[in-house]
Amino acid sequence: AVTVLEARIVGLLLRDPACRARAREGLDPSDLEASPVAPIVQSILDLEGSGAAVDGPSVMAALEDDEARALVARIAFQEDAEPSVEELEGCLETLRRRRLRREGRDVGKKIQEAAPGAVDDLLAAKLRLAREIDALQG
């Protein structure tokens, strides 16, 4: 299922060239790797990078998955607040924080299951993730 955050990111990227430029600079693909909107975002950024028009129909034409096309159609034609780069940056930060927390939980599970000798590397990874989350929170 697509979250409100993910749908808003797609909407911002569909509607605002400045948001697309910011996403090309600052979006870490791993932040979206578990997201159903990843291929949509990639298609939008690919179209933008090629100089093609970026709108609902062009993005839908670039997608192979019917569910992704339907999602783009729904987002493209819904009324939304005016897009802003600041809102996109907040969305991307939230997405990154979620990914880091998910990775932290995964490392925690591995620590519980690991052999005693492997725990040090996993603890170091968990500490690194915690520091990244703290840095995002300012």
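E33 is found in the loop between α2 and α3, the latter covering residues 38–50. That loop belongs to a predicted model of a chain with seven helices and zero strands. Here's a quick tour, starting with the whole chain and then dropping in on one helix pair and four residues.

**The chain as a whole**

- Reading along the sequence, you get α-α-α-α-α-α-α, with zero strands anywhere in the chain.
- The C-alpha trace spans about 55 × 35 × 25 Å along its principal axes.
- The chain has 138 residues, and 40% of them count as buried.
- If you look at contacts with a sequence separation of 6 or more, 70% of them come from residues 24 or more positions apart.
- Accessible surface for the chain comes to about 7,900 Å², and carbon and sulfur atoms own 51% of that.
- On the charge side, there are 19 positive and 27 negative side chains. The centres of those two sets sit 5 Å apart.

**Where α1 meets α2**

- Helix α1 takes in residues 4–15 and helix α2 residues 17–26. Their axes come within 5 Å and cross at roughly 115°.
- On the α1 side, the residues making the contact are L12, L13, L14 and R15. Across from them in α2 are P17, C19, R20 and A23.
- By residue class, that contact breaks down into six nonpolar, no polar and two charged.

**L13, in helix α1**

- L13 lies in α1 and is one of the residues that helix brings to its contact with α2.
- L13 counts as buried because its relative accessibility is 0%, and the cut-off for buried is under 20%.
- Setting aside residues up to four places away in sequence, L13 touches C19, R20, A23, V41, I44, V54 and L88. Among them, C19, R20 and A23 are also on the α2 side of the helix pair.
- For a distance check, try L13 and R74: they're 61 residues apart along the chain, with 14 Å between their C-alpha atoms.

**E33, in the α2–α3 loop**

- E33 comes in at 61% relative accessibility, so this loop residue counts as exposed, the threshold being over 50%.
- From E33 to P57 is 24 residues in sequence and 24 Å in space, C-alpha to C-alpha.

**D80, in the α5–α6 loop**

- D80 lies in the loop that joins α5 (66–76) to α6 (85–113).
- D80 has a relative accessible area of 33%, so it lands in the partly exposed class, between the 20% and 50% cut-offs.
- Leaving out neighbours within four places in sequence, D80 is in contact with R8 and R15. R15 is also one of the α1 residues that meet α2.
- D80 and A7 are 73 residues apart along the chain, and their C-alpha atoms are separated by 11 Å.

**I133, in helix α7**

- You'll find I133 in α7, which runs over residues 119–137.
- Its relative accessibility is 12%, so I133 counts as buried.
- Not counting residues up to four places away in sequence, I133 touches R97, L100 and R101.
- I133 and V59 are 74 residues apart in sequence and 33 Å apart in space, C-alpha to C-alpha.

Note on methods
Residues numbered from 1 in each chain as written. Predicted model: local features only at pLDDT ≥ 70, side-chain atom pairs only at ≥ 80, totals over all residues. Heavy atoms only, no water. Axes fitted to C-alpha atoms, helices over the stretch in contact; angles between N-to-C directions. Helix = DSSP H or I, 4+ residues; strand = E, 2+ residues; numbered from the N terminus. Contact = heavy atoms within 4.5 Å. Nonpolar A, V, L, I, M, F, W, Y, C, P; charged D, E, K, R; others polar. Buried < 20%, exposed > 50% of the residue type's maximum accessible area, 1.4 Å probe, protein only. Areas by Shrake-Rupley, 256 points an atom, 1.4 Å probe, with all protein chains shown as cover. Lys, Arg positive; Asp, Glu negative; His and termini not counted. Charge placed at Lys NZ, Arg CZ, Asp CG, Glu CD.
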